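Visitor: Please take one part of this model under close examination, a loop together with the element that follows it, and then set it in the context of the whole chain. I would like the exposure and the contacts of the residues to be discussed together.

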Amino acid sequence: FMIVGMGMSYALPPLIGEADGSKDFSIVSKYFRHSLFVNLSFTALSITLLLIIIKNLHWIGLPKEVTEATKPYLSISAWSMIPYMIFLTMRGVSDGFSKTSYAMGAILLGNVVNVVFNYLLIYGKFGFPAMGLEGAAVASMIARIAMLMTLIYFLFKNEALWPFIVEGYQTALELPLVKKILQLAIPSSLQMFFEASAFSIA
């Protein structure tokens, strides 16, 4: 689901780049709003399906001990899609305007946060609880929130880009723009899915 979600988010940067090239900045906020809507709709569907799968892991035939150990990890990972997909959507704005260093900085920080909290929460160091596998999921959630907050900070500090984010939340949905986003998002998400599947099979 994460891989497909990444593919969904790839629809935004070329649209933003096109608007930037043609100096049609009035459409940027609308592209952001509609991409966010599409991405969060996909996230809601993914979380719903994941929670159903998690609840019925016994169908796979795994031992009860294994399913009980993995359920908290998978549940937390499912909910962590929300900050991650918002991050990817905002990244589409910064990347579309060639501010790729913003997302890179956020990802680097997220990796550091993930490593630190993995150590703290898996093994229970410095007074933190030893949560094992569940701690790894919590660390990933914290890292994704940190990535999102860092990117929001970079965008907020950019007086040219932040208004597009703010105006985007005030823009009404338009069906033609939703369709335009989906026309790019679905092929790119399918490409990501098949590429990942091919590597997994290999």
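Guide: A residue counts as buried when its relative accessible area is under 20%, as exposed when it is over 50%, and as partly exposed in between. Gly132, with a relative accessibility of 24%, therefore counts as partly exposed. The model under discussion is a predicted one.

Gly132 belongs to the loop between α6 and α7. Leaving out residues up to four places away in sequence, Gly132 touches Leu121 and Ile122. Helix α6 comprises residues 100-123. A further distance concerns Gly132 and Ile152: 20 residues separate the two in sequence, and their C-alpha atoms are 31 Å apart in space.

Another residue of this loop deserves attention. Phe126 also has its place between α6 and α7. Its phi is positive, at about 55°, although the residue is not a glycine. Phe126 has a relative accessibility of 72% and so counts as exposed.

The element that follows is helix α7, which covers residues 133-157 and contains Leu133. Leu133 is partly exposed, because its relative accessibility is 43%. When residues up to four places away in sequence are set aside, Leu133 touches Ala69, Thr70 and Tyr73. For Tyr73, the separation from Leu133 is 60 residues in sequence and 6.3 Å in space, taken from C-alpha to C-alpha.

A second pair with a sequence separation of 60 residues consists of Ser94 and Phe154, whose C-alpha atoms are 9.2 Å apart. Ser94 lies in helix α5. With a relative accessible area of 0%, Ser94 is buried, since the limit for that class is under 20%. Beyond its neighbours within four places in sequence, Ser94 is in contact with Lys99, Thr100, Tyr102, Leu151, Leu155 and Leu161.

Ser94 also takes part in the packing of helix α5 against helix α6. Helix α5 (residues 81-96) and helix α6 (residues 100-123) meet at an angle of about 145°, and their axes are 7 Å apart. On the α5 side the contact is made by Phe87, Arg91, Ser94 and Asp95, and on the α6 side by Thr100, Tyr102, Ala103, Ala106 and Ile107. By character, the residues of this contact divide into five nonpolar, two polar and two charged.

The N-terminal part of the chain offers further residues for reference. Ser9 is found in helix α1, which spans residues 2-9. Its relative accessibility is 3%, so Ser9 counts as buried. Residues up to four places away not being counted, Ser9 touches Asn39 and Leu88. Met6 is likewise a residue of helix α1. Met6 touches Tyr84, Leu88 and Met192, again without residues up to four places away in sequence. Leu88 is thus touched by Ser9 and by Met6. As for spacing, Met6 and Ile54 are 48 residues apart along the chain, and 22 Å separates their C-alpha atoms.

Lys23 invites consideration alongside Phe126. Lys23 lies in the loop between α2 (12-22) and α3 (28-55). Although not a glycine, Lys23 has a positive phi of about 60°. Lys23 counts as exposed because its relative accessibility is 58%.

The wider setting is as follows. The chain contains nine helices and zero strands. Of its 202 residues, 40% count as buried. The C-alpha trace spans about 55 × 40 × 35 Å along its principal axes. Among contacts between residues at least 6 apart in sequence, 75% join residues at least 24 apart; the contacts of Leu133 with Ala69, Thr70 and Tyr73 offer one local view of such pairings. The accessible surface comes to about 10,900 Å², and 69% of it belongs to carbon and sulfur atoms. With regard to charge, the chain has 13 positive and 11 negative side chains, and the centres of the two sets lie 4 Å apart.

To return to the part requested: the loop between α6 and α7 includes Phe126, which counts as exposed, and Gly132, which counts as partly exposed. Leu133, in helix α7, is partly exposed as well.

How values were computed
Residues numbered from 1 in each chain as written. Predicted model: local features only at pLDDT ≥ 70, side-chain atom pairs only at ≥ 80, totals over all residues. Heavy atoms only, no water. Helix = DSSP H or I, 4+ residues; strand = E, 2+ residues; numbered from the N terminus. Buried < 20%, exposed > 50% of the residue type's maximum accessible area, 1.4 Å probe, protein only. Contact = heavy atoms within 4.5 Å. Areas by Shrake-Rupley, 256 points an atom, 1.4 Å probe, with all protein chains shown as cover. Lys, Arg positive; Asp, Glu negative; His and termini not counted. Charge placed at Lys NZ, Arg CZ, Asp CG, Glu CD. Axes fitted to C-alpha atoms, helices over the stretch in contact; angles between N-to-C directions. Nonpolar A, V, L, I, M, F, W, Y, C, P; charged D, E, K, R; others polar.
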